[in-house]
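Hi everyone, thanks for coming. I have one structure to walk you through today, so let me put it on the screen.

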Amino acid sequence: MNLVCHKFNSHNDRPWLVWLHGLLGRGDEWLPLVKRCALYPSLIIDLPGHGDSAEVQIKDFTDMNRLLSETLREQQIDQYWLLGYSLGGRIAMNYACYGDIQGLCGLLVEGGNPGLFSRQERNDRLDHDRGWARRFRSQPIEQVLSDWYQQTVFSDLLPEQRQQLIKVRSQNNGSCVADMLENTSLGHQPWLVPVLQQLTLPFIYLCGENDEKFQQLAKHYALPLQTIPHVGHNVHRADAAAFAAAINHFLSLFDCKEL
């Protein structure tokens, strides 16, 4: 079973933009960005456990790479950029490092973690994610999300923004989200930094000015950081216009067919 996805602006002959959402999201949250990047054809994907791919399951990142590759092949997409937010950014980076990158033009990542270096850090993260997964499986999803969006990375959200996210994300199936959370935990993700630093593909790491954690992470590991002013972790939701402007400018610097 391949991932459910939808095409937009497919009449354009430029490389495709392949959009990968974060945990608890779904493909259609990218639509405001697709409209602002209309010079390029776009493929929006519902990741496993989410949206119309809720019943799709994967075991690990290798499985995710295979599934993404099969989906692109099924959609006859052979020249493309990967754009991913948070979990989607981690999937995009892992794919660029260890997937079938034939036809991949480059990588645009929004607030994605490139991995944890030590075994202790990975074990701690596994315990952390398993705790959340247990809650997603056993408690009303609105209750879990109310606590989820109190985490430090979401501290820039206003109360009404937090409530809106809880309302939208409550459409998820808690058990399906839990499976994806566990199987793509940072505790299972490879340590990608050395491979990312050797990438010859175009790569940009987008981060909100108020997202101190991921700014520091990008600087510490010398990732190609570009900061978007006045916003936090979820840049594309907080300021779609600024996010799209950064994407369009970056893409304008490259012609994939010459790579």
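I'll go through the annotated domain, the open and closed spaces, one helix and then the cysteines.

First, please keep in mind that this is a predicted model. The UniProt record, an unreviewed entry, lists residues 17–246 as "domain: AB hydrolase-1". In the model, that span is 46% helix and 13% strand, and the C-alpha atoms at its two ends lie 14 Å apart.

Now for the part I expect you'll want to look at: the pockets. The largest pocket holds about 930 Å³ of space. Its lining counts 44 residues, and the ones closest to the centre are Ser86, Val153, Phe154, Phe214 and His233. What is the make-up of that lining by class? We get 19 nonpolar, 17 polar and eight charged residues. Several helices contribute to the wall: α3 (87–98), α4 (119–138), α6, α9 (212–220) and α10 (235–238) each supply at least two lining residues.

Let's stay with α6 for a moment, which runs over residues 159–169. Which of its residues are buried? They are Arg162, Leu165, Ile166 and Arg169. If you look down the axis of α6, those buried residues fall within an arc of 100°, so they line one face of the helix. On the face turned away from that buried side, α6 carries Glu160 and Lys167, both exposed.

Next, the enclosed space. Searching the whole structure for cavities of 30 Å³ or more turns up one, with a volume of about 60 Å³. Around the cavity sit Pro48, Gly49, Ala54, Val56, Gln57, Ile58, Cys176, Asp179, Met180 and Asn183. By class, that lining splits into six nonpolar, three polar and one charged residues.

Last topic: cysteines. How many disulfides does the structure hold? Zero. Let me take two cysteines to show why. For cysteine 5, the closest cysteine sulfur belongs to cysteine 105 and is 18 Å away, so it is too far for a bond. For cysteine 37, the closest is again in cysteine 105, this time at 15 Å, which is also too far for a bond. For comparison, the cut-off for a disulfide is a pair of sulfur atoms within 2.5 Å. Both of these cysteines are buried: cysteine 5 has a relative accessible area of 13%, and cysteine 37 comes in at 1%.

That's my tour, and I'm happy to take questions.

Terms used
Residues numbered from 1 in each chain as written. Predicted model: local features only at pLDDT ≥ 70, side-chain atom pairs only at ≥ 80, totals over all residues. Heavy atoms only, no water. UniProt positions renumbered as here; feature names shortened; annotations may be inferred. Helix = DSSP H or I, 4+ residues; strand = E, 2+ residues; numbered from the N terminus. Buried < 20%, exposed > 50% of the residue type's maximum accessible area, 1.4 Å probe, protein only. 1 Å grid on protein atoms, 1.4 Å probe; cavity = no way out; pocket = protein on both sides within 12 Å on 5 of 7 lines; lining within 4 Å. Points joined across faces, edges and corners; volume = space filled by probe spheres on them. Nonpolar A, V, L, I, M, F, W, Y, C, P; charged D, E, K, R; others polar. Arc of directions from axis to C-beta.
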